[in-house]
Amino acid sequence: MSCGLRIPLTEMVEFGKKLKGKQIQEWQGYYINYKLMKKKVKQYANEIEAGALDSQHVLKDFSRMLDNQIEKIVLFLLEQQGLLASRIAQLNEQPEYLQEQPDISKISELRESYREVGRELLKLLFFVDINAIGLRKILKKFDKRFGYRFTDYYVKTRANHPYSQLQQVFKHVGLGAVVGAISRNLVVLQDRQGSYLSIYDQPALPLQDPVVDSIRSAVNRLNHSTNFLNFLGQHALIMQEELPTSEEHVDDERYHFMSLLLNLANTFLYMVNTYIVVPTADDYSMSLGAAATICGIVIGAMAVAQIFSSVYFSAWSNKSYFKPLIFSSIILFVGNVMYALAYDLNSISILLIGRLCCGFGSARAVNRRYISDCVPLKIRMQASAGFVSASALGMACGPALAGLLQTNFKLYKITFNQVTLPGWVMALAWLVYLMWLWISFREPARESEVNHVQQESSGVENDKLENGLAQPLILTSNENEQDDEGDQEFDGSEEAPEESHLPANSLGSAYRLLTPSVKVQLLIYFMLKYAMEILLSESSVITTYYFGWTTSTVSIFLACLGLTVLPVNIVVGSYISNMFEDRKILLASEIAVLLGILFSFHIIIPYSVPQYVVSGLVMFVSAEVLEGVNLSLLSRVMSSRLSRGTYNGGLLSTEAGTLARVIADGTITLAGYLGQEKLLNTTLLPSLVICIGSIVATCCTFNDLY
């Protein structure tokens, strides 16, 4: 085999459009023949239109062609694995001699030989990754062209067969043994005060070797099994690069750990700020002479403002991260002060303006964008998981903190009690955060516009293997043209138009990039946010009316709900997602939310605490499972053009969720005019209708998979 391959990062980014130039020349005949298969798909389409072929013949012929292509790849892969294994076996004979007669120069030479094998293995991993991408793209193209769920059929029948060759491509069977052999021997040869250590005796022992680090990164890219970190990180809708890279390039000018920590702190504090008022919003409204159900407007005012703030903060983050975070902190400080002073001013208007100001300070778009643009790829998933965890922790801490603020005193005619203290505490928190931000945040260096456009124009379209859409039998000419542009990226046959890779420039253009599947997933996201907001926002009013709960009791209940977020995601991400397909979990979760809503209705029997708590817990936990799986799936199937720019996928999901919260809080206030005795059933009815609608949409969109 040839010497180690060195592929510059800039060239790897060009991978899609110049695939042939990236292929290892001596392995040229063993790559998937994507160009031939693409032409074959077009030929099938023409012959079906002319009536010369039937669908059964097409499926049989295309399956045979794919089997042959995969077999060619796999046999070559096994051959190369054997060559690597032979080289390692030859090298393994030398350590026995070196243990008897240690020689530093010989040990160093042997270590370099193992590293050389590691670099050869890295080439093989890139070979597998390139072919896996090609296979996923041609399957996606076939599905889009013919509207048949061929991907689902092909992967299920081939991947689970005892003689599966597809597993060699997608699960890199056998390569793990080679990785382990190289890693073990490099550890053995490390100079650690004369002792020879084993990775099996000390599994936690770190191996500081760049070749092994690169191999591990490449293996992780090939590993498509779900794990908790990836599952959690995908909730942030921060899309990961699909292309493999032979070396990790970390731009120290852009990444700054303290700045990342400040972004996560902003996320945490904002979520605390959102939910800290929930247990006391009804009491605050009544103390100002309004009805208890006005709490819906008080809580929802923040979400109303967030609909607009998400857009301008997302646009602002194109130019700066520091300035929008400063603005966010200042306006949140002002908003909380106004919220707290409304009690002594006896003004419901000041109260609502204060909450609106808090919503205008929502910088979640900046937090998400900073992780996407400024965090190195190798830790981006950890940062994304941190973003989701900070949000979940803030959601739990908000109500819990409100439950602790049970005091009442005056200081210079300013009242400090359970309804005003949330405002004062958050104002102080944002003031401290503002000073920390001013001192510690470092504005990352901006990439030039030229590099930015190049990066966007050369990215490969995200894998949509699990899109599951039922398209027309033959696409229209416009759709075919769009599809061919994506193929040009992979086979390098022509220069793809730059416009097809630029980010969306408006909400309208972003919406037009959404496939029917993605639209259904956004509807699901809207539904679960609506149901959760109804449950949380009216909890204080409902529990006071039916059970006479105090603010502390409501706070404990809400905090306990919030604390279920991370454990639920651990269970789903680590276990359930590995046992069942995402879409089956999706449908099951929607049905569980529906059952939680149905069980929450007060119909004939007296409404009891167990009924409320159990139904609320079922609804909330099911919605959390649904949100996790839905966003995890959404991050994989959303267009790559929505991964950057102002109108990105994260903004669309934020707008859908925020709009749901606004409508839910408005529903609570409007239902309040019917009386508190009818509030529960009246607000649950829209949740029930939307939930049923989302289940029907899911079944219609993914009916071939169930």
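In which strand is Thr415 found? In this predicted model, Thr415 lies in strand β2, which spans residues 414-416.

**Figure 1. Surroundings of Thr415 in strand β2.** Thr415 has a relative accessibility of 4% and therefore counts as buried, the cut-off being under 20% relative accessible area. Its side chain forms a polar contact of 2.7 Å with the side chain of Asp344. Asp344 also appears among the residues in contact with Thr415 when neighbours within four places in sequence are left aside; the others are Tyr343, Asn408, Phe409, Lys410, Thr420 and Trp424.

**Figure 2. Surroundings of Ser362 in the loop between α16 and α17.** The two flanking helices cover residues 348-360 (α16) and 364-374 (α17). Ser362 is buried because its relative accessible area is 1%. The side chains of Ser362 and Gln306 are joined by a polar contact of 3.4 Å. Apart from neighbours within four places in sequence, Ser362 is in contact with Tyr270, Gln306, Ser309 and Phe313.

**Figure 3. The largest nonpolar core.** This core holds 113 residues, of which Leu260, Tyr433, Leu437, Phe441, Val593, Ile597 and Phe620 touch the most other members. Helix α23 (residues 516-537) supplies the largest share of the core, with 14 residues.

**Figure 4. Contacts of Ile597, and a second core.** Ile597 is one of the residues that touch the most other members of the largest nonpolar core. Not counting residues up to four places away in sequence, Ile597 touches Ala531, Met619, Leu684, Ser687, Leu688 and Cys691. A second core, separate from the largest one, consists of 42 residues, including Tyr31, Leu84, Val128 and Ile138.

Methods:
Residues are numbered from 1 along each chain as its sequence is written. This is a predicted model: local features need pLDDT of at least 70, side-chain atom pairs count only at pLDDT 80 or more; totals for chains, interfaces and linings use all residues. Side-chain values use heavy atoms; hydrogens and water are left out. Helices (H or I, at least four residues) and strands (E, at least two) are DSSP runs, numbered from the N terminus. Buried means under 20% relative accessible area, exposed over 50%, partly exposed in between (1.4 Å probe, protein chains only). A polar contact is a pair of N or O atoms within 3.5 Å; within protein, one must be able to donate a hydrogen and the other to accept it, and residues adjacent in sequence count only if both atoms are side-chain atoms. Contact means heavy atoms within 4.5 Å. A nonpolar core is a set of buried Ala, Val, Leu, Ile, Met, Phe, Trp, Tyr and Cys residues joined through side-chain atoms within 4.5 Å.
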